[in-house]
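Good morning, and thank you for joining this meeting. I would ask you to look at the structure now on display while I introduce it.

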Amino acid sequence: MKVLIVEDEKTLAYEIEDFLKKAFYICDLAHGFKAGLEKMQINTYDFILLDLGLPDGDGLNLLPQAKKHNPDAAYIILTARGNLEDRIAGLDLGADDYLPKPFSLLELQSRMQAIARRKFNVKEELLPLGDFKLDLQKRLILLNEQQIELSRKEFDLLSYLFLHSNRVLTRMQLSEHIWGTFADDDYDSNYIDAHIKNIRKKLNAWAPTEFLETVRGVGYRIKK
Amino acid sequence: MKLFGEWVIELKNNVKLSTKLVLFITGSKVAIVLMFIITLPFLVDGIVSEYTNYSLRRQQNKVINVVKKNGINHYLQGDDSYGSYTMLKEEYIALEPANKGLPIDTIKTEQRIIEQDTLNYRILMHTFNFQNKSYLLEIGKTVSSINQYNKPLQRIALYVLLSLIAISLIFDLFFTRMLIRPLGKIIKSKLVDRKFPFKNHAPLINTSTQDFKFLDASLVTLLDQINEAFEKEREFTANASHELMTPISILQNKMENMLGDEHLNEPEALKIVEMMKTLNRLKKISNSLLLISRIENEQFAKSDIVNPAELIREAIEEITHRFEEKGLSVRLNLKTHISIKKVNRDLLFQLFYNLINNAIKYNVVNGSLIISDNIESNGAYAINFEDTGIGISIEDLPYIFDRFRKTNLTENVGHGLGLSIVKSICVSQQIAISVSSEVNKGSIFRIIFPPELCK
C-alpha cells in the first residue's frame with residue numbers, strides 16, 4: 001500500500017515513515033501544502049496522512065483538492081489542533097479518520113488497517129494465532145470452528161497485540177488503546193495484567209497460549 | 001426577636017449609604033426640634049420680659065414728658081398722690097411724693113393689692129424731681145397679661161419650625177437620593193451579580209458628579225484589566241499546551257520506533273519504557289491544560305439533553321476495572337428521573353468520570369462510593385459523590401480545585417489537574433459544586449444543577 005505523508009515537521013514525518021516502512025507500507029513524504037498537492041497530482045496513493053497546520057496553507061483546504069486527484073485514497077488527518085470544530089470539518093470534507101497529536105504510531109497503523117478493511121474491502125482470511133484463528137472483521141476468535149468467548153476489551157487487547165506481532169507493547173500503550181483519553185495516569189496499575197491473565201485463562205482452556213509472551217518490566221508481545 | 005443592641009450592631013456593620021444618610025439627616029433634624037422645644041419657653045419669656053421693660057420705660061418717659069409739659073398738678077390736682085388703673089386692673093399708674101435723696105429706678109415683679117385683689121405686677125419704680133420736690137412714679141402691668149401670649153407664641157413657633165423641618169427633610173431626602181443614585185447604578189451594573197469573566201460591557205453611568213464618574217471609569221478599567229489578564233493567561237495556556245503537542249509527538253514516535261527495534265536489549269528497553277512514562281505524563285498535563293482552556297474558551301456547544309444517571313452508569317462502566325482493582329463497592333442511589341438540558345454531554349461525562357475517578361484514587365482498599373441524588377427545595381437537582389477515602393484536611397479544602405495542587409503527596413495521585421477540570425466544567429455549565437470532608441473518613445462532592453437546567 002502506498003502512503004503519502006504530508007507533514008511539515010520533518011523529524012515527525014521521518015518517524016512515521018520509518019514505522020510504516022517496517023509494516024511494509026511504501027511511503028512518500030511532502031513537507032508542505034504545495035509539495036503535497038504536486039505529489040498527489042502525479043501519483044495515486046492508498047493512504048494520505050494530512051497534517052492541518054502546514055506553513056503554506058491549511059490542510060483543511062488541501063483536502064477537497066486532494067480528493068479530486070486521489071478520490072479513492074483514505075485520508076487520515078493528523079493534527080495538533082484537537083478541537084471539535086476541526087474534527088467535524090475534517091470528517092465533513094471526507095476524511096476517513098482523525099488523529100489528534102500526539103498520537104501513537106501503533107494507533108495510527110491500527111486505524112489504517114481498520115480503514116483498509118472497511119474501505120478497500122480487504123478480505124482478510126482467518127488469521128492464524130497459534131492454534132487459534134482470528135476474524136478481525138467479525139471480531140471473533142475461533143478454534144476449529146469453535147467460537148471462544150472474550151469480552152470486548154479482551155478482544156481489543158488481543159487484536160492490537162496481534163496487529164503489532166513481534167513488537168513489545170507497553171502497558172501504557174495497551175491501556176491507551178483500550179481506554180483512549182480516559183487511560184489512567186497511574187502507570188503501575190495492573191489492570192492490563194488482569195485482562196491478559198483473563199485472556200490466557202480463557203484461551204488456555206482450549207489450547208496453549210505460548211504465543212502471548214510477557215516481557216519483564218516492559219509489557220506484552222505476540223510472537224509469530 | 002432581635003435585641004436592640006444586636007440591631008444596632010447589624011446597622012453599624014451592614015448598611016447602605018442611602019439608609020445611613022436618611023438616618024443621619026432625620027436624626028439631626030429631630031435633634032434640632034428637640035433643642036428648640038426645650039429652649040423655646042426660656043426664649044419667649046426672655047423676649048417678653050425685655051419687651052415689657054422696654055414698654056414700661058417708654059410709658060415712664062411719656063409720663064415725665066407730660067409732667068414737664070403740663071406740670072405735676074395736672075395729675076395730682078391738689079391731692080397728695082395719683083393712682084389710675086384700667087378696669088380689669090391689668091395696668092396701673094401711681095404718682096406719689098417720695099423722700100428726697102433716695103433715688104429709685106427699678107423694674108421688678110411684686111405684689112400689689114388693688115381693691116382687695118392681690119395681683120402680681122411687673123412694676124417700674126422711678127423717682128424724679130419736679131419743682132424741687134421728689135416724686136415716685138410707679139407703672140405696673142399684671143404678669144398674667146404679660147404672659148398671655150406666651151403659649152400661643154410658642155405653639156405657632158413650634159408649628160412653623162416643624163413644617164419648615166418637614167419641608168427641608170423632604171428636600172434633603174429627595175436630593176441625597178438623587179445625588180447618590182449614580183452610585184447605586186454603578187454598584188448594580190458593575191458589581192452585583194457579575195460573573196467572571198466580565199464579558200458584556202456595562203455602559204458608563206450618566207452622572208455630573210465627578211467622584212462617581214471617576215469611580216465608574218476606574219471600575220470599568222479595572223474589570224477590563226482583569227479580563228485582559230485572564231484572557232492572556234487563557235491564551236497562553238492554550239498556545240503553550242498546543243505548541244507542546246508537536247515536540248511530544250516527535251518524542252513519542254521516536255521512542256515507539258526505538259522500542260520496536262528487535263536488537264534492543266533489556267536494560268535499554270526498560271529505560272525507554274521509563275522515558276515513555278515520563279513523556280506520557282507530560283502529554284497528560286498538556287492535554288488537561290488544553291482541555292481546561294477549551295472549556296474556558298467555551299469551545300463546547302451546550303445544546304445536549306442528558307440523563308445524568310445514565311451518564312454516571314456509563315462512566316462507572318468505563319472505570320469498572322479500577323473499582324475491582326481496589327476492591328471498592330459502588331452504590332448507586334439515583335432515584336430521580338430527570339434530564340438536564342443546555343449542557344455538553346462530553347463535558348458532563350468527563351465531570352462524572354473525574355469525580356468517580358477521584359473517589360477511587362483517594363479511597364482506601366475495600367472502601368466504598370455512594371452516589372445519590374435529590375431535588376432541592378428550589379427545584380435544583382443535586383448529586384452527591386460520597387467516598388470513604390482519606391479525606392481532605394480543612395487547610396487544604398479551599399485549594400483542591402487549584403491547578404497542580406496536590407493535597408496528599410504520599411499517594412500517587414497523577415498530575416493534579418483532575419479537579420481543576422471538574423471546576424472549569426462546572427463553571428462553564430453553570431453547575432454549583434461544593435465539598436465537605438473529614439480526614440480519614442471520606443469526602444462528599446456535591447454538584448447542583450440549577451432549576452433552569454432541569455427538565
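**Chain B and its contact with chain A**

What we have here is a predicted model, and in chain B the mean pLDDT is 86, with 94% of the residues scoring at least 70. Confidence varies along the chain: among its elements, helix α1(B), residues 4-13, has the lowest mean pLDDT, 63, while β10(B) has the highest, 95. For the model, the ipTM is 0.88 and the pTM is 0.68.

Let me turn to the overall make-up. Chain B contains 11 helices and 12 strands. Of its 455 residues, 23% are buried. If we take the contacts in chain B with a separation of 6 or more, 67% of them join residues 24 or more positions apart.

Next, the sheet. Five strands of chain B form an open sheet in the order β7-β9-β10-β12-β11, and the pairing is mixed. Its edge strands are β7(B), residues 329-333, and β11(B), residues 432-438, each of which pairs on one side only. On average, neighbouring strands in this sheet are turned by 15° against each other, direction ignored.

At one edge, β11(B) runs antiparallel to β12(B), residues 442-449, and seven bridges join the two. One residue pair may serve as a landmark: B:S437 has B:S443 in β12(B) as its bridge partner. As a general reminder, the strands of a sheet pair through backbone hydrogen bonds, in a parallel or an antiparallel manner.

A helix also belongs in this picture. Helix α10(B), residues 345-361, lies across β9(B), β10(B) and β12(B). The helix runs at about 20° to β10(B), the element with the highest mean pLDDT in the chain.

I come now to the contact between the chains. Here 33 residues of chain B are in contact with 32 residues of chain A. On the chain B side, the elements giving two or more residues are α6(B), residues 210-259, α7(B), residues 266-296, and α9(B), residues 320-326. Which of them provides the largest share of that side? It is α6(B), with 12 residues. By residue type, the chain B side divides into 10 nonpolar, 13 polar and 10 charged residues.

Finally, a closer look at α7(B). How far should its 31 residues span at 1.5 Å a residue? The expected value is 45 Å, and the end C-alpha atoms are 45 Å apart, so the two agree. Just after this helix, B:E298 adopts a positive phi of about 55°.

Thank you for your attention.

Methods:
Residues numbered from 1 in each chain as written. Chains lettered and ligands numbered in written order. Predicted model: local features only at pLDDT ≥ 70, side-chain atom pairs only at ≥ 80, totals over all residues. Helix = DSSP H or I, 4+ residues; strand = E, 2+ residues; numbered from the N terminus. Buried ≥ 20, exposed ≤ 12 C-beta atoms within 10 Å, placed from the backbone. Contact = placed C-beta atoms within 7 Å. Nonpolar A, V, L, I, M, F, W, Y, C, P; charged D, E, K, R; others polar. Pairing = 2+ DSSP bridges. Axes fitted to C-alpha atoms, helices over the stretch in contact; angles between N-to-C directions. Expected span 1.5 Å × (residues − 1). pLDDT = per-residue confidence, 0-100.
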